[in-house]
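Biologist: I'm new to this one. Can you put it on screen and walk me through it?

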Amino acid sequence: MVNHPKVLPPKIPKELRAIMLADEMKDERFFHMGRIIDSEVNGACIEKICFDKVIFKNVSFHDVSFPFIELTDVVFDHCDLSNVDFSNAIIHRVEMKECKMLGINLSESTLRNVVLDQCFADYASFGYSNIKQVKFQTCSFRHADFYESKFKNTSFDQCNIDKANFSGAELNKMDFSTCSFEGLIVSLEELEGCIVSSEQAIGFAKLLGLIVKEPGSNE
């Protein structure tokens with residue numbers, strides 16, 4: 001059982017106005033207390049756009065670049081964020097539920113009190129990010145990049161992290177014991193203090209060239 005960190009949920013009021021994001025982005029850069037549902041955002045490139053107390057539901061982003069985006073008290077529910085550029089983002093009290101995030105760019109971002117639940121985030125980039133009070137649960141991070149990321153009070157629970165890059169990342173006390181992977185891009189020194197299952201430990205031993213002998217075996 002993974003020890004989950006305490007993550008503060010988004011603070012969102014019940015009454016929210018409808019936002020037509022594609023239309024309002026022409027004049028606005030700050031969106032507060034709104035709901036964006038069943039829509040598409042296409043070809044937008046805006047720096048330092050801000051969303052505060054906003055729900056996105058069934059929203060698809062195509063060819064979207066929002067570097068230095070600020071997200072506070074935000075929910076993404078069944079959204080498609082594939083290949084979106086959210087680099088250098090500031091993300092606080094945010095939930096992403098069953099979202100498609102293939103190739104999303106979250107490099108050099110700051111994440112605080114964030115939950116990713118049942119998200120498909122293969123090839124996602126989190127390189128150089130500062131990640132604290134975050135839960136990744138039942139997500140796919142195959143070939144994802146966490147290069148030199150800083151983790152604190154962060155959990156990976158039942159995630160697929162096969163071939164993910166954790167080179168240079170701070171993994172002390174990180175618990176991967178419920179995760180699935182055939183291999184990781186990481187040095188053995190960086191794995192010091194990392195928590196793995198006995199089966200995973202055998203896999204790492206084989207990578208070292210050790211021959212793992214089962215009890216009672218003559219081979």
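Biologist: How many disulfides does a search of the whole structure find?
Modeller: The search finds 0 disulfides. Keep in mind that this is a predicted model.

Biologist: What about Cys79, and how far away is the nearest cysteine sulfur?
Modeller: Cys79 is in no disulfide. The nearest cysteine sulfur belongs to Cys99 and is 4.8 Å away. A disulfide here needs two cysteine sulfur atoms within 2.5 Å.

Biologist: Is Cys79 buried or exposed?
Modeller: Cys79 is buried, and its relative accessible area is 3%.

Biologist: And why is there no bond from Cys179 to the closest cysteine sulfur?
Modeller: Because the distance is too far for a bond: the closest cysteine sulfur, in Cys159, is 5.0 Å from the sulfur of Cys179. Cys179 counts as buried too, at 8% relative accessibility.

Biologist: OK, on to the sheet. What order do the strands come in?
Modeller: The order is S1-S2-S3-S4-S5-S6-S7-S8. These 8 strands form an open sheet, and the pairing is parallel.

Biologist: Which strands are at the edges?
Modeller: S1 (17-18) and S8 are the edge strands, each pairing on one side only.

Biologist: Take S2 and S3. How many bridges do they pair over?
Modeller: S2, residues 30-42, and S3, residues 50-62, pair over 11 bridges in the parallel sense. As one example, Ile37 stands opposite Lys57 in S3.

Biologist: How many bridges join S3 to S4?
Modeller: S3 is joined to S4, residues 70-77, by 7 bridges, and the two run parallel. Phe56 stands opposite Phe76 in S4.

Biologist: And further along, what does S7 pair with?
Modeller: S7 pairs with S6 in the parallel sense over 7 bridges. Leu116 has Phe136 in S7 as its bridge partner, and the bridge partner of Asp117 is Gln137, also in S7. S7 also pairs with S8, again parallel and over 7 bridges. There, Lys135 stands opposite Ser155 in S8.

Biologist: Where do the side chains of a regular strand point, in general?
Modeller: In a regular strand they alternate between the two faces of the sheet.

Biologist: Now the inside. How many residues does the largest nonpolar core have?
Modeller: The largest nonpolar core has 63 residues. Those with the most contacts inside it are Phe56, Phe76, Phe86, Phe141, Phe156, Ile161 and Phe166.

Biologist: Which strands supply at least two residues of this core?
Modeller: S2, S3, S4, S5 (90-97), S6 (110-117), S7 (130-137) and S8 (150-157) each do. S3 gives the most, with 5 residues.

Biologist: Changing topic: where does Ile185 lie?
Modeller: Ile185 is in the loop between S8 and helix H2, which covers 198-207.

Biologist: Why does Ile185 count as partly exposed?
Modeller: Because its relative accessibility is 42%, and partly exposed runs between 20% and 50%.

Biologist: How far is Ile185 from Gly168, C-alpha to C-alpha?
Modeller: Their C-alpha atoms are separated by 9.9 Å, and the two residues are 17 apart along the chain.

Biologist: Last thing, pockets. What is the volume of the largest pocket?
Modeller: About 330 Å³.

Biologist: What lines the largest pocket?
Modeller: The lining has 16 residues, and Asn153, Thr154, Asn172, Lys173 and Met174 are the ones that lie nearest the centre of the pocket. By class, the lining has 6 nonpolar, 6 polar and 4 charged residues.

How values were computed: Residues numbered from 1 in each chain as written. Predicted model: local features only at pLDDT ≥ 70, side-chain atom pairs only at ≥ 80, totals over all residues. Heavy atoms only, no water. 1 Å grid on protein atoms, 1.4 Å probe; cavity = no way out; pocket = protein on both sides within 12 Å on 5 of 7 lines; lining within 4 Å. Points joined across faces, edges and corners; volume = space filled by probe spheres on them. Nonpolar A, V, L, I, M, F, W, Y, C, P; charged D, E, K, R; others polar. Pairing = 2+ DSSP bridges. Helix = DSSP H or I, 4+ residues; strand = E, 2+ residues; numbered from the N terminus. Buried < 20%, exposed > 50% of the residue type's maximum accessible area, 1.4 Å probe, protein only. Core = buried A, V, L, I, M, F, W, Y, C linked by side-chain atoms within 4.5 Å.
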